[in-house]
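Reader: I am new to this structure and would like to be taken through it with care. Could you show it to me before we begin?

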Amino acid sequence: MTVNDFTPSRDLYNRVRAGFVMQGSSLSAWCNSHGVKHQNILHCLVGSWNGPKSQALRERIVIDAGIYDPSKAA
């Protein structure tokens, strides 16, 4: 499985939010610390934005949320 196997959807958005909560943080805190608007993350994760920049941001946030670990990828 790679980070690109995650299909953009509302479920992915919810999984990312849960990943941050399980780390004792929040999606809003991540957005604030990285200078990204929460609404932009929503568009990115549900797939309404799916260009190269959005895909790169999606990869970054999925990894930071802890739902994908590239070091364990086969």
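Author: Let us begin with a term: a residue counts as buried when its relative accessible area is under 20%, and as exposed when that area is over 50%. Please keep in mind that this is a predicted model.

Reader: With that cut-off in hand, is Trp30 buried or exposed?

Author: The relative accessible area of Trp30 is 5%, and the cut-off for burial is under 20%. Trp30 is therefore buried.

Reader: Which ring pairs with that of Trp30, and how is the pair classed?

Author: The centres of the rings of Trp30 and Phe20 are 6.3 Å apart, and their planes stand at 40°. Phe20 lies in helix 1 and Trp30 in helix 2, so parts ten residues apart in sequence are tied together by the pair. Planes under 30 degrees apart would count as stacked and over 60 as edge-to-face, so the pairing of Trp30 with Phe20 is classed as tilted.

Reader: How many aromatic pairs does the structure hold, and which other residues form one?

Author: The structure holds two aromatic pairs. In one of them the ring centres are 6.2 Å apart with 80° between the planes, which is an edge-to-face arrangement. This pair links distant parts of the chain, 62 residues apart, from the segment before helix 1 to the segment after helix 4. Its members are Phe6 and Tyr68.

Reader: Which residues of helix 2 meet helix 4, and how are the two helices oriented?

Author: The axes of helix 2, residues 27-34, and helix 4, residues 52-64, come within 12 Å and cross at roughly 125°, in a right-handed crossing. From helix 2, Leu27, Trp30 and His34 meet Leu57, Arg60, Ile61 and Asp64 of helix 4. By class, this contact has four nonpolar, one polar and two charged residues. An angle of roughly 125° falls outside the ranges for roughly parallel, perpendicular and antiparallel, and the two helices are therefore oblique to each other.

Reader: What residue classes make up the contact of helix 1 with helix 3?

Author: The axes of helix 1 and helix 3, residues 38-46, come within 7 Å and cross at roughly 125°, and the crossing is right-handed. Arg10, Leu12, Tyr13 and Val16 in helix 1 meet His38, Leu42, Leu45 and Val46 in helix 3. Sorted by class, the contact has six nonpolar, one polar and one charged residues.

Definitions and conventions:
Residues numbered from 1 in each chain as written. Predicted model: local features only at pLDDT ≥ 70, side-chain atom pairs only at ≥ 80, totals over all residues. Heavy atoms only, no water. Axes fitted to C-alpha atoms, helices over the stretch in contact; angles between N-to-C directions. Helix = DSSP H or I, 4+ residues; strand = E, 2+ residues; numbered from the N terminus. Parallel < 35°, antiparallel > 145°, perpendicular 65-115°, else oblique. Left-handed = near helix turned anticlockwise from the far one by under 90°. Contact = heavy atoms within 4.5 Å. Nonpolar A, V, L, I, M, F, W, Y, C, P; charged D, E, K, R; others polar. Phe/Tyr/Trp six-rings, centres within 6.5 Å; stacked < 30°, edge-to-face > 60°. Buried < 20%, exposed > 50% of the residue type's maximum accessible area, 1.4 Å probe, protein only.
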